[in-house]
Amino acid sequence: RWLPVPLVLTRLLMIEESGRVVAVEGDFAWIESERTSACGSCAVSKGCGTSAIAKVFGRRRMQLRVVNRINARVGDDVVVGISESGLLRGSLAVYAAPLAGLFTGALTGHLAGRQLLAAGSDLLAIGGALGGFLAALLWLRHFSRTSAKDAAYQPVVLRQHMTIGSH
């Protein structure tokens with residue numbers, strides 16, 4: 001079962017995106033959303049490199065499996081949200097852990113090389129970097145499995161998306 005997310009978090013600190021329910025599987029819904037950039041609303045989009053890249057890749061549809069708390073049905077337009085802090089912590093783990101492992105391993109290998117060999121050895125630093133990187137990947141694997149059941153890291157259906165003219 002999912003750990004409940006406090007009501008305060010569901011209203012204040014969520015990053016939201018609109019989508020349509022394309023399938024329902026038990027407590028989950030598959031949401032299809034169109035991947036867009038924020039360039040359309042930006043005043044300088046014509047002279048921006050990001051805007052040019054967004055035009056090359058175009059608008060692509062993506063599907064995402066989310067916790068379906070409101071029992072949305074296939075065809076419903078919904079608003080999906082993910083905890084801002086969960087997204088930040090998850091991103092930090094994915095990006096920082098491998099780098100930290102790489103640099104810590106390289107430093108450890110370098111220092112071990114200086115202690116064991118008078119001249120030191122770059123091979124020990126390289127080996128330490130690879131070892132630290134692999135250790136960080138193993139930690140990420142554990143983090144991923146643990147966070148997969150933590151509601152703070154899961155996108156959820158927050159509400160039905162009301163459009164003008166709908167009842």
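Which residues form a nonpolar patch on the surface? In this predicted model, the patch consists of Leu-99, Leu-102, Phe-103, Phe-133, Leu-134 and Leu-137. Together these residues expose about 540 Å² of accessible area. Two helices contribute to the patch. Helix H3, spanning 84–116, and helix H4, spanning 122–147, each provide at least two of its residues. Phe-103 is one of the patch members and sits in helix H3. Its relative accessibility is 58%, so Phe-103 counts as exposed; the cut-off for that class is over 50%.

The two helices that supply the patch also pack against each other. The axes of H3 and H4 are 6 Å apart, and the packing angle is about 150 degrees. Angles over 145 degrees count as roughly antiparallel. H3 and H4 are therefore roughly antiparallel to each other. Their crossing is right-handed.

The overall architecture is mixed. The protein contains 4 helices and 5 strands. Along the sequence, these elements follow the order α-β-β-α-β-β-α-α-β. The protein has 167 residues, of which 29% are buried.

Charged pairs were examined next. Side chains of opposite charge can pair when their charged atoms come close. The structure contains 2 salt bridges. In one, Glu-16 pairs with Arg-159, and the closest N and O atoms lie 2.9 Å apart. Glu-16 belongs to strand E1 (residues 14–25) and Arg-159 to strand E5 (residues 156–160), so this pair ties together parts that are 143 residues apart in sequence. Both partners fall in the intermediate accessibility class, which runs from 20% to 50%. Glu-16 has a relative accessibility of 38% and therefore counts as partly exposed. Arg-159, at 35%, also counts as partly exposed.

A salt bridge also joins the side chains of Arg-20 and Asp-77, with an N to O distance of 2.9 Å. This pair links distant parts of the chain: Arg-20 lies in strand E1 and Asp-77 in strand E4 (residues 77–83), 57 residues apart. Arg-20 is partly exposed, because its relative accessibility is 43%. Asp-77 has a relative accessibility of 26%, so Asp-77 is likewise partly exposed.

Strand E1 thus takes part in both pairs, through Glu-16 and through Arg-20. The partner strands are E5 for Glu-16 and E4 for Arg-20.

Notes: Residues are numbered from 1 along each chain as its sequence is written. This is a predicted model: local features need pLDDT of at least 70, side-chain atom pairs count only at pLDDT 80 or more; totals for chains, interfaces and linings use all residues. Side-chain values use heavy atoms; hydrogens and water are left out. Patches are made of residues with over 30% relative accessible area and no salt bridge: like charges are joined within 9 Å, nonpolar side chains (Val, Leu, Ile, Met, Phe, Trp, Tyr) within 5 Å. Accessible areas come from the Shrake-Rupley method with a 1.4 Å probe; for residues, only the protein chains shown count as cover. A salt bridge is a side-chain nitrogen of Lys or Arg within 4 Å of a carboxyl oxygen of Asp or Glu. Buried means under 20% relative accessible area, exposed over 50%, partly exposed in between (1.4 Å probe, protein chains only). Axes are lines fitted to C-alpha atoms, for helices over the stretch in contact, and angles run from 0 to 180 degrees between N-to-C directions. Angles under 35 degrees count as roughly parallel, over 145 as roughly antiparallel, 65 to 115 as roughly perpendicular and the rest as oblique. A crossing is left-handed if the near helix is turned anticlockwise from the far one by less than a right angle, and right-handed if clockwise.
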